[in-house]
Amino acid sequence: MKKIYRILLSVVLLGGPFSMVHAQSAPNVVDEVVWIVGDEAILRSDVENARLEALSQGQRLDGDPYCIIPENLAIQKLFLHQAAIDSVQVSDSEVFQRVDQRINYYIQQLNGKEKMEEYFGKTTSQIREQLYDMVRDDMLTGEVRASLVKDVKVTPAQVRRYFKDLPEDSLPFIPTKVECQIIVRNPVIEPEEIERVKAELRDYTERVNSGRSQFSTLAVMYSEDTGTARQGGECGFAGRGSFVPEFANVAFSLNDPKAVSKIVETEYGFHIIQLIEKRGDQINVRHILRKPRVSNDAFTQAINDLDSISDEIRRGLYTFDECTQYVSQDKETRNNYGNMFNAEDNSSKFEIKDLPADVAKVVSTMNIGEISKPFIMVNNKGKEVVAIVKLKNKINGHRANMADDYQAMQDVVVEKQSIEKITNWIREKQQTTYIHINEEWSNCEFQYPGWIK
């Protein structure tokens with residue numbers, strides 16, 4: 001379903017991360033209305049900005065950009081018009097959250113807020129204001145698209161009929177997939193190391209409170225959260241659910257932007273937090289993260305422990321399933337018999353490339369039923385841990401068949417029918433919507449010829 005609209009709507013192209021970048025890139029272009037769709041105008045500058053954006057991102061358009069881009073913009077206008085008719089709404093809080101996520105992305109990519117403002121030629125407030133309408137329109141368009149295809153369902157008989165006469169080389173290729181179980185041990189951190197990290201954070205707090213240092217400067221210099229350090233530790237506006245509970249409890253209790261929080265321990269390490277601004281049920285804070293170091297002796301001990309456990313499993317004293325519940329310290333897999341879960345498709349199957357890099361390196365050489373030697377890996381919290389994995393199952397790459405790959409084949413048919421449904425909807429809307437195209441912009445081979453009546 002993720003690919004359904006790739007052909008129909010180039011929304012990413014037209015409203016991607018840097019779609020505002022070239023707003024001032026073509027100062028000599030005389031602006032004019034080139035298309036009208038319903039009550040909405042498409043300007044020459046809209047098309048030119050999108051064309052320059054595509055070039056900057058290395059995207060190739062299969063045809064004349066001055067035909068493809070305005071048509072894609074016109075399609076988006078049809079969706080927005082339908083959203084108005086259906087009274088489709090999106091919440092301001094969600095729009096603001098996505099805007100701030102995009103602002104944070106810009107800051108990271110451009111190495112700081114000042115660099116971002118210089119790049120866009122606008123203040124952060126102006127960028128945020130311009131992004132608001134863009135993000136809201138994208139969200140409204142997505143809601144309408146989703147509503148159009150929400151009832152698309154296919155039966156096994158329809159799937160069989162669709163693939164029945166296809167040549168074998170036209171069947172979807174299913175890449176090799178594996179199912180894995182994992183047991184994780186966290187090396188023990190010495191109390192002296194924890195105290196060292198806390199002393200560092202207390203020193204940072206004292207430097208901020210005394211006025212000797214800015215919190216944001218210390219975050220750039222010392223924070224080990226690589227995602228926020230470059231922007232002075234700033235997290236961007238987010239709701240309570242975006243943070244781990246320990247962090248959220250302290251962050252949302254802050255009221256004085258000059259104050260620094262107490263030291264907070266989370267699964268990521270130790271933090272201090274400073275409030276920037278509260279906005280309704282969302283908050284923007286900056287933080288400094290420090291992670292205690294694990295000694296070589298602690299890693300050696302964890303490796304020896306897992307080596308003994310894996311040996312006992314191989315000798316049949318325990319099963320891997322049993323050990324995960326009593327031995328593993330990974331909260332996400334421990335209560336599921338160690339089975340790793342692929343959030344991308346809500347299954348236990350992974351392509352090798354989608355596994356964590358350290359796990360993929362080990363699993364790629366294993367046989368079904370084999371248990372690995374202990375190895376050090378970086379978990380999704382950025383911490384080094386010790387693990388063993390068992391290759392539970394492996395399905396080699398192959399052409400799809402109904403017996404083994406019904407879900408994948410069903411997805412193909414659902415996608416095809418969804419595309420057909422949206423295509424028919426666009427053609428119907430062309431007939432009932434006022435459309436005007438300037439003569440010099442109409443000499444195109446459009447994907448949907450109904451624009452010109």
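A residue is buried under 20% relative accessible area, exposed over 50%, and partly exposed in between. The exercises below apply to a predicted model.

**Exercise 1. Classify the accessibility of Tyr66, and describe the ring pair that Tyr66 forms with Trp441.**

Solution.
Step 1. The relative accessibility of Tyr66 is 29%, so this residue counts as partly exposed.
Step 2. Trp441 has a relative accessible area of 7% and is therefore buried.
Step 3. The ring centres of Tyr66 and Trp441 lie 5.8 Å apart with the planes at 80 degrees; planes over 60 degrees apart count as edge-to-face, so this pair is edge-to-face.
Step 4. Tyr66 belongs to helix 3 (residues 65-85), whereas Trp441 lies in the segment after strand 13, and 375 residues separate the two.

**Exercise 2. State how many aromatic pairs the model contains, and analyse the pair of Trp35 and Phe446.**

Solution.
Step 1. With ring centres required to lie within 6.5 Å, the count is eight aromatic pairs.
Step 2. Trp35 and Phe446 make an edge-to-face pair, at 5.5 Å centre to centre and 85 degrees between the planes.
Step 3. This pair links distant parts of the chain: Trp35 is in strand 1 (residues 33-37) and Phe446 is in the segment after strand 13 (435-437), 411 residues apart.
Step 4. Trp35 has a relative accessible area of 0%, so Trp35 is buried; Phe446, at 10%, is buried as well.
Step 5. Ring pairs join Trp35 and Phe446 with Trp451 in a cluster.

**Exercise 3. Determine whether the end-to-end distance of helix 4 agrees or disagrees with its expected span, and describe what lies at its ends.**

Solution.
Step 1. Helix 4 (residues 92-109) has 18 residues, and at 1.5 Å a residue it should span 26 Å.
Step 2. The end C-alpha atoms are 25 Å apart, which agrees with that expectation.
Step 3. At the N-terminal end, Ser91 acts as a cap, with a side-chain oxygen 3.2 Å from the backbone nitrogen of Glu94.
Step 4. After helix 4 comes Asn111, which has a positive phi near 65 degrees.
Step 5. Buried residues of helix 4 include Val95, Val99, Ile103 and Ile107.

**Exercise 4. Identify the strands that pair with strand 4, and the partners of Val178.**

Solution.
Step 1. Strand 4 (residues 177-185) has nine residues, of which seven are buried.
Step 2. Two bridges connect strand 4 with strand 9 (residues 350-351) in the antiparallel sense; here Val178 has Phe350 as its bridge partner.
Step 3. Strand 11 (residues 384-395) also runs antiparallel to strand 4, through nine bridges, and in strand 11 Lys394 stands opposite Val178.

Technical notes. Residues numbered from 1 in each chain as written. Predicted model: local features only at pLDDT ≥ 70, side-chain atom pairs only at ≥ 80, totals over all residues. Heavy atoms only, no water. Helix = DSSP H or I, 4+ residues; strand = E, 2+ residues; numbered from the N terminus. Expected span 1.5 Å × (residues − 1). Buried < 20%, exposed > 50% of the residue type's maximum accessible area, 1.4 Å probe, protein only. Polar contact = N/O pair within 3.5 Å; in protein donor to acceptor, adjacent residues only side chain to side chain. Pairing = 2+ DSSP bridges. Phe/Tyr/Trp six-rings, centres within 6.5 Å; stacked < 30°, edge-to-face > 60°.
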